[in-house]
Amino acid sequence: MSDTILEMQGITKTFPGVKALEDVTLEVRRGEIHAICGENGAGKSTLMKVLSGVYPHGSYDGQIRFDGEEVRFSSINDSEAQGIVIIHQELALVPRLSIAENMFLGNERLGPGRLIDWHRTNRDAAELMERVGLKELPVTQVNHIGVGQQQLVEIAKALSKDVRLLILDEPTAALNDNDSGHLLSLLRQLQEQGVTCIMISHKLGEIADRTTIIRDGRTIETIDMSEPESTQDRIIRGMVGRDLEHRFPERESTIGEEMLRVEDWTVYHPTQAERLIIDKADFTVHAGEVNGIAGLMGAGRTELAMSLFGRSYGCNISGRVFKQGKQITMRSVDEAIAHDVAYATEDRKAYGLNLIDDVRHNTSAAGLFKLSRLGWVNGLEELKIAQDYRTSLNTKTPSVLSTVGKLSGGNQQKVVLAKWLYTDPDVLILDEPTRGIDVGAKYEIYTIINRMVAAGKAVIVISSELPELLGISDRIYTLAFGRITGEVPVADATQERLMALMTTVKEGASR
């Protein structure tokens, strides 16, 4: 039996106006964990969609050999029949169905009369859940469990199909450290059981045995991660085509007057009125300053931002907000925009963009008041504005008339930034602005942040990545259990000190 389970040779895939893949070659060894790295838009997900039959044979050029035999998949059903299962970044689960129902959707456990055997369904689900370490009841609705547990449901679902090659697209992008660690440990266990894994990831060198780098739709190289020279710098150099000697662009801080001050900000849960989410938070940000907010999952970071920005989260909200020394109210998103405050959400797909509309309309969405007169939008000016931001932010898209949902994650994030930059805010709150995007796109977004503060704006960055906050911030606030637990100048900050403050429980804190 050959050591190679998968060979993809000369894969070329073209969309109208775009060559997504050009002569890509991939070789995966039996039983290994094989990472695929590349910038957003490099072609990673497209290659896996070719492999899994999402893009059927005939829609691309090249050859796929699985277990020594040429395969020509017309659909996902064909690839799954061979034991190839893909788990997409956007999980394919039905929220209001149970774990067991989701696990066997399309693969139902049938009894006499072709009716579903629910006893067998729940029994088989429980066995698979135990195998992946999911400690829930099979009848639990999927919308009642976290993202990390939903990933385990998808893996259990794959195991129910006798998976031999498991493909995961950014499996840890939305997970906290504990869930990520559990997932990666599970992949090692599956590897010991003979399952081969391909993992698309921006977290370089996570657990892969080998890593293939793709850039601009072409294979650059495959690296054995056990080799001494298989460093992150080498991977980054292959991804972006240059050395990133500094992960963060240099910036000279010229901090000016106080731009925004928040006092005694208190927020209760929108549906559980007795549950305190934000407890008397106080913080400031100045013109020309980048302030970071650090906290563990569930600390209340996003809730703090959303409750400030037009009270788009929470109930029974109290406290005071001052802009340039003058008290203001932001009881709606329109009112927040009128006070020159903007918020870029952490969930760009659900809340930040209209994925079925084009780049042009998404860019102008928050600033239409600047383009309209007597109820009519100046379409030519709107087109020009979108094109200007496409150029200045280096957004990779064939046209501003292209559908946003077809762009890569990093380029979607640039459209979100363009939308809010067009409102010309004095204060910009960025919630996980680089989540799920590659190092090259991250660097470009950091550069955009620097341009804003150089122009005298104030920026607040919420991030789960402490190195990122240490690299771009002037000051960092820590948040734990809904309370501000520390304020640290970046010159005095370390990951250890921040983590200690992020796990501090102040007296009276409750969630």
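**Exercise 1. Describe how helix α4 packs against helix α5.**

Step 1: find the two helices. In this predicted model, α4 covers residues 118-132 and α5 covers residues 147-159. Helices here are DSSP runs of H or I with at least four residues, strands are runs of E with at least two, and both are numbered from the N terminus. Residues are numbered from 1 along each chain as its sequence is written. As this is a predicted model, local features need pLDDT of at least 70 and side-chain atom pairs count only at pLDDT 80 or more, while totals for chains, interfaces and linings use all residues; side-chain values use heavy atoms, with hydrogens and water left out.

Step 2: look at the axes. The axes of α4 and α5 come within 9 Å and cross at roughly 120°. (Axes are lines fitted to C-alpha atoms, for helices over the stretch in contact, and angles run from 0 to 180 degrees between N-to-C directions.)

Step 3: give the handedness. The crossing of α4 past α5 is right-handed. (The near helix is turned clockwise from the far one by less than a right angle; anticlockwise would be left-handed.)

Step 4: list the residues in contact, meaning heavy atoms within 4.5 Å. From α4 come Leu128, Arg131 and Val132, and they meet Leu152, Ile155, Ala156 and Leu159 of α5. Sorted by class, this contact has six nonpolar, no polar and one charged residues. (Ala, Val, Leu, Ile, Met, Phe, Trp, Tyr, Cys and Pro count as nonpolar, Asp, Glu, Lys and Arg as charged, and the others, Gly among them, as polar.)

**Exercise 2. Now do the same for helix α13 and helix α14.**

Step 1: α13 spans residues 409-421 and α14 spans residues 439-454; their axes come within 10 Å and cross at roughly 15°. That angle makes α13 roughly parallel to α14. (Under 35 degrees is roughly parallel, over 145 roughly antiparallel, 65 to 115 roughly perpendicular, and the rest oblique.)

Step 2: this time the crossing is left-handed.

Step 3: α13 brings Gly410, Gln413, Lys414, Leu417 and Leu421 to the contact, and α14 brings Ala441, Glu444, Ile445, Ile448 and Met452. The classes are six nonpolar, two polar and two charged residues.

**Exercise 3. Work out the strand order of the open sheet of six strands, and say which helices pack on the sheet.**

Step 1: the order is β6-β7-β8-β3-β9-β10, with mixed pairing. (Two strands pair if DSSP finds at least two bridges between them.)

Step 2: find the edges. β6 (84-87) and β10 (218-224) each have a single partner strand, so one side of each has no neighbour in the sheet. On average, neighbouring strands are turned by 20° against each other, direction ignored.

Step 3: zoom in on one pair. β3 (residues 33-37) and β8 (residues 196-200) run parallel and are joined by four bridges. His34 has Ile198 in β8 as its bridge partner.

Step 4: add the helices. α1 (residues 44-52) touches β3, β6, β7 (165-169), β8 and β9 (210-215), and its direction makes about 145° with that of β8. α7 (residues 232-240) touches β3, β9 and β10, and its direction makes about 25° with that of β9.

Step 5: look inside α7. Its buried residues are Arg234, Ile235, Ile236, Gly238, Met239 and Val240. (Buried means under 20% relative accessible area, exposed over 50%, partly exposed in between, with a 1.4 Å probe and protein chains only.) These buried residues pack against β3, β9, β10 and α14. Just after α7, Gly241 has a positive phi of about 80°.

**Exercise 4. Describe the surroundings of strand β20.**

Step 1: β20 covers residues 458-462, and five of its five residues are buried, so the strand is largely enclosed by the rest of the structure.

Step 2: sort the side chains. Ala458, Ile460 and Ile462 point one way, and Val459 and Val461 point the other way.

Step 3: find the partners. β13 (residues 290-295) pairs with β20 in the parallel sense over four bridges, with Ile293 partnered by Ile462. β19 (residues 427-431) also pairs with β20 in the parallel sense, over five bridges, and there Ile429 is partnered by Ile460.
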